[in-house]
Structures are given as structure tokens and as C-alpha cells.
Amino acid sequence: VYGGMNFDQGSVRFDGSNYSINENGTNDSTWLRRVGGVSSSASVDLTFSSEGVPEKDGAPSNPALDNEDYIPVKALTLDFVGGEIFKQITVRSVDSDKLDLDRESFDGSGNPVIYVVNDHIAEGEKLVELKLTGFSGVSAGTQTEALVSLISDDAAIEFEEAFIDVRESSSGGRAFMMVNRLGPLDQVISVDYRTKDGTAVSSGL
């Protein structure tokens with residue numbers, strides 16, 4: 001027999017396992033998807049937290065900090081009406097000096113809202129996790145957890161070490177100092193440098 005309606009309760013899952021969100025709010029589209037039977041109403045709870053964040057690509061995790069890198073969400077109930085298949089998670093950016101302002105949990109379309117903090121600090125990637133729990137009228141799907149990478153939109157340059165020991169007998173008399181770049185790599189940045197006499201004096205060349 002082909003066609004007809006599927007009247008089982010179906011399941012809900014994330015449509016992906018990894019997402020990236022920039023501090024300025026630019027992000028991958030993040031969706032929940034209900035599959036199988038969708039004729040009845042259902043609900044799930046959404047959590048946005050860095051507690052217990054797993055490793056990424058086999059490397060130790062760098063968990064995001066509550067209320068410094070993101071605003072945590074604990075068991076926010078999301079309702080699916082009968083026939084609703086997709087629900088998008090809206091991402092918004094909030095400046096670090098406006099964390100005391102009221103924030104809505106749902107946008108005008110009824111989609112859940114999560115917030116990332118634009119802290120204006122150059123830093124590496126931070127990790128936080130989206131989780132689905134509390135399934136009611138629906139089963140857990142195959143992807144109930146998703147890892148989110150928070151990407152800084154601020155860039156900085158710094159020396160790897162503040163002091164370098166160079167011997168006069170070093171080849172060519174050269175000092176090699178490592179310079180590190182922090183923040184996103186998708187923009188062009190530049191820096192000037194200079195030297196200044198200390199206890200050592202330049203030759204004037």
C-alpha cells in the first residue's frame with residue numbers, strides 16, 4: 001500500500017552535528033526537523049550550554065564561558081503543532097556591555113532564540129553544545145546533540161614570548177621571534193614593528 005498518512009508520533013533531531021556562529025551573529029542555519037508522523041502536536045526541551053562539551057576532531061575542547069561568550073539556555077520548551085516539520089533556531093548577538101537587558105526567548109515567528117556575546121576580544125574558537133531532551137508526543141531522533149563553534153570577529157597580533165635569548169655567536173646574528181595572530185583568518189590585517197636600544201645598542205645601520 002502506498003500513500004496515506006503516517007500517524008505514529010515521529011521523532012525530532014537537529015539537521016546537522018556541527019555549526020559555526022560568529023560573535024557578530026553571522027551563523028550557519030540551524031534547524032530542528034521532525035520526521036515520521038507529524039500529524040499530532042509534540043514538544044521538546046532545548047538546552048544551550050558548554051557544560052561537558054566533548055572533544056572536537058580529537059582535540060581537547062575549549063568550552064565557552066557562561067554570560068561571557070554566550071547566554072546559556074536551560075530546558076526551553078519548544079512546541080510543534082500538528083503538521084509542523086521544521087523549526088529554525090534564531091541566533092542573535094548581544095554586546096558584552098548590554099548583558100543586563102531583557103531578552104526574548106522566541107522571535108516573532110515563534111522560533112527559539114539563542115544569544116552569543118560580542119565581547120570585542122580577540123580569542124580562539126570556543127565550543128558550546130545544543131541538546132534536545134524532554135521529548136513529549138515525539139521520540140528522540142538520531143541527532144539530539146550538536147556542537148557549536150563560536151568564532152571571534154576580533155583580530156589581534158602578539159609575540160609568542162616576551163623575552164628571547166640570542167647569543168652574539170648565533171648564525172648571522174639574527175634573532176627569531178614568533179608572532180601569533182588571534183581571531184578570524186578571513187580578513188586582511190597588518191602591523192608595524194620597530195626596535196629600540198636597551199642595554200644593547202644598535203650599530204646605526
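## A quick tour of the strands and cores

In β6, you'll find L78 as the bridge partner of V44. That pair belongs to a link of 6 bridges between β4 and β6, two strands that run antiparallel. Keep in mind that this is a predicted model. Below is a look at β4, then an open sheet, the nonpolar cores and two residues with unusual backbone angles.

**Strand β4 and its neighbours**
- On top of its link to β6, β4 pairs with β9, again in the antiparallel sense and over 6 bridges.
- One spot to look for there is T47, whose bridge partner in β9 is K131.
- β4 is mostly covered, with 8 of its 8 residues buried.
- A42, V44, L46 and F48 point one way from the strand, while S43, D45, T47 and S49 point the other way, and all are buried.

**The open sheet**
- There's an open sheet made of 6 strands, and following them across gives the order β5-β8-β7-β3-β1-β10, with mixed pairing.
- Its edge strands are β5 (70–71) and β10 (139–140), each of which pairs on one side only.
- β5 teams up with β8 (residues 113–118) in the antiparallel sense, over 2 bridges.
- If you want to see where they meet, Y70 stands opposite V116 in β8.

**The nonpolar cores**
- The largest nonpolar core holds 26 residues, and those with the most contacts inside it are F14, L32, F48, I114, L130, V148 and L150.
- Plenty of strands chip in: β1 (11–14), β2 (18–22), β4 (42–49), β6 (73–80), β7 (86–95), β8, β9 (126–136) and β11 (145–151) each supply at least two residues of this core.
- Another core, of 5 residues, lies apart from it, and its members include V94, V113, Y115 and V117.
- Back to L150: leaving aside residues up to four places away in sequence, L150 touches I21, A64, D69, Y70, V116, G124, E125, K126 and V128.

**Two residues with positive phi**
- As background, most residues other than glycine have a negative phi.
- A75 has a phi near 50°, a positive value in a residue other than glycine.
- You'll find A75 in strand β6.
- A75 counts as partly exposed because its relative accessibility is 37%, and the partly exposed range lies between under 20% for buried and over 50% for exposed.
- H120 also isn't glycine, and its phi is a positive value near 60°.
- Look for H120 in the loop between β8 and β9.

Definitions and conventions:
Residues numbered from 1 in each chain as written. Predicted model: local features only at pLDDT ≥ 70, side-chain atom pairs only at ≥ 80, totals over all residues. Heavy atoms only, no water. Pairing = 2+ DSSP bridges. Helix = DSSP H or I, 4+ residues; strand = E, 2+ residues; numbered from the N terminus. Core = buried A, V, L, I, M, F, W, Y, C linked by side-chain atoms within 4.5 Å. Buried < 20%, exposed > 50% of the residue type's maximum accessible area, 1.4 Å probe, protein only. Contact = heavy atoms within 4.5 Å.
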